[in-house]
Amino acid sequence: MKEVSKPIGLNTAKAAIEELCTNSVPYEHRRIAPMFMELGSGNGQTTFARYAAYMLLKHKVRQIVGLTTYLEFTVDARKDQMQIMFGDIASAAKGVNHFEGVILLDVSALCECVREDQTNYFLEKIRDVAKYAVVIFCISPAKVRNLNKRNELKEKLETTFSDLRTVEVEPYTNTELVR
């Protein structure tokens, strides 16, 4: 397993993954509570997904078998795109029945259609995926300026996942920005 360096910044998010690794029984195969973060693309989403998958493997929280240890998608709120995405998730589980790695989803676009059928379809399908995979939902503050829509989507996620863990993402410090 290739070493993955810690992301710069994202201290609370890193601490959440490290706590999960410390408090887990190796290969217990229990469902891990999904996470919700306000983290935009270009601000560490991929790096964090890679780090989370690495930590889960390193600490034997997950024995990730398949084509990759993590997946990352930007949900664009079209049902046909979601069907392709869920197909890709299923395909990544080569040799096993379900993908058990980390799935990071930028769900910012769902804020614009939170009361529509495609959001309900998404929540129904991701609930099944989250029985096995570690799901991290991200909303980009730059894309979602309407707090009411953001809060409405978060409430739907909390209704779907009663154990949804909100991880506060602190702004980068000047020192972190120059690294």
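Which helix does Phe 122 lie in? Phe 122 lies in helix H4. The close-ups below come from a predicted model.

**Close-up A. Phe 122 and its surroundings in helix H4.**
Phe 122 counts as buried, at 0% relative accessibility. Not counting residues up to four places away in sequence, Phe 122 touches Val 75, Met 82, Met 85, Phe 86, Leu 105, Val 107, Leu 110 and Phe 137. Lys 79 is 43 residues from Phe 122 along the chain. The C-alpha atoms of Phe 122 and Lys 79 are nevertheless separated by 8.0 Å.

**Close-up B. The aromatic pair of Phe 86 and Phe 122.**
The structure holds 4 aromatic pairs. One of them joins Phe 86 and Phe 122, with 6.1 Å from centre to centre. The planes of Phe 86 and Phe 122 make an angle of 40°, and the pair is tilted. Phe 86 lies in helix H3 (residues 79-91) and Phe 122 in helix H4 (residues 117-129), so the pair ties together parts that are 36 residues apart in sequence. Both Phe 86 and Phe 122 are buried.

**Close-up C. The rings of Phe 137 and Phe 161.**
The ring centres of Phe 137 and Phe 161 are 5.8 Å apart. Their planes stand at 40°, so this pair is tilted. Phe 137 sits in strand E4 (residues 134-139). Phe 161 sits in the loop between helix H5 (147-160) and strand E5 (165-167). The pair links distant parts of the chain, 24 residues apart. Phe 137 has a relative accessible area of 0% and is buried. Phe 161 is buried too, with a relative accessible area of 2%.

**Close-up D. One aromatic cluster of five named residues: Phe 86, Tyr 121, Phe 122, Phe 137 and Phe 161.**
The cluster includes Phe 86 and Phe 122, the tilted pair of helices H3 and H4. The cluster also takes in Phe 137 and Phe 161. Phe 122 touches both Phe 86 and Phe 137. Tyr 121 belongs to the cluster as well.

**Close-up E. Ser 24 in the loop between helix H1 (11-22) and strand E1 (35-38).**
Ser 24 counts as buried, because its relative accessibility is 13% and the limit for buried is under 20%. Not counting residues up to four places away in sequence, Ser 24 touches Arg 30 and Val 61. Lys 60 is 36 residues from Ser 24 along the chain. Between the C-alpha atoms of Ser 24 and Lys 60 there are 8.6 Å.

**Close-up F. Lys 60 and Ala 77, two residues with positive phi.**
Lys 60 is found in the loop between helix H2 (45-58) and strand E2 (70-74). Phi of Lys 60 is near 60°, a positive value in a residue other than glycine. Lys 60 counts as partly exposed, at 41% relative accessibility. Ala 77 is placed in the loop between E2 and H3. Ala 77 is not a glycine either, yet its phi is positive, about 75°. Ala 77 is buried, with a relative accessible area of 12%.

**Close-up G. The largest pocket, with about 180 Å³ of space.**
In total, 13 residues line the largest pocket. Those closest to its centre are Ile 89, Ala 90, His 98, Phe 99 and Val 129. H3 and H4 are the elements that give two or more residues to the lining. By class, the lining has 9 nonpolar, 2 polar and 2 charged residues.

**Close-up H. Cysteines in a structure with 0 disulfides.**
A disulfide is a covalent bond between the sulfur atoms of two cysteines. Cys 21 is in no disulfide. Its nearest cysteine sulfur belongs to Cys 138 and is 17 Å away. Cys 21 counts as buried, at 5% relative accessibility. For Cys 111, the closest cysteine sulfur is in Cys 113. The sulfur atoms of Cys 111 and Cys 113 are 8.6 Å apart, too far for a bond. The cut-off for a disulfide is within 2.5 Å. Cys 111 counts as buried, at 1% relative accessibility.

How values were computed. Residues are numbered from 1 along each chain as its sequence is written. This is a predicted model: local features need pLDDT of at least 70, side-chain atom pairs count only at pLDDT 80 or more; totals for chains, interfaces and linings use all residues. Side-chain values use heavy atoms; hydrogens and water are left out. Rings of Phe, Tyr and Trp (its six-membered ring) pair if their centres lie within 6.5 Å; planes under 30 degrees apart count as stacked, over 60 as edge-to-face and the rest as tilted. Helices (H or I, at least four residues) and strands (E, at least two) are DSSP runs, numbered from the N terminus. Buried means under 20% relative accessible area, exposed over 50%, partly exposed in between (1.4 Å probe, protein chains only). Contact means heavy atoms within 4.5 Å. On a 1 Å grid over the protein atoms alone, a cavity is a set of points where a 1.4 Å probe fits but cannot get out, and a pocket is an open set with protein on both sides within 12 Å along at least five of seven lines; lining residues have an atom within 4 Å of a point. Grid points are joined across faces, edges and corners, and a volume is the space filled by probe spheres set on the points. Ala, Val, Leu, Ile, Met, Phe, Trp, Tyr, Cys and Pro count as nonpolar, Asp, Glu, Lys and Arg as charged, and the others, Gly among them, as polar.
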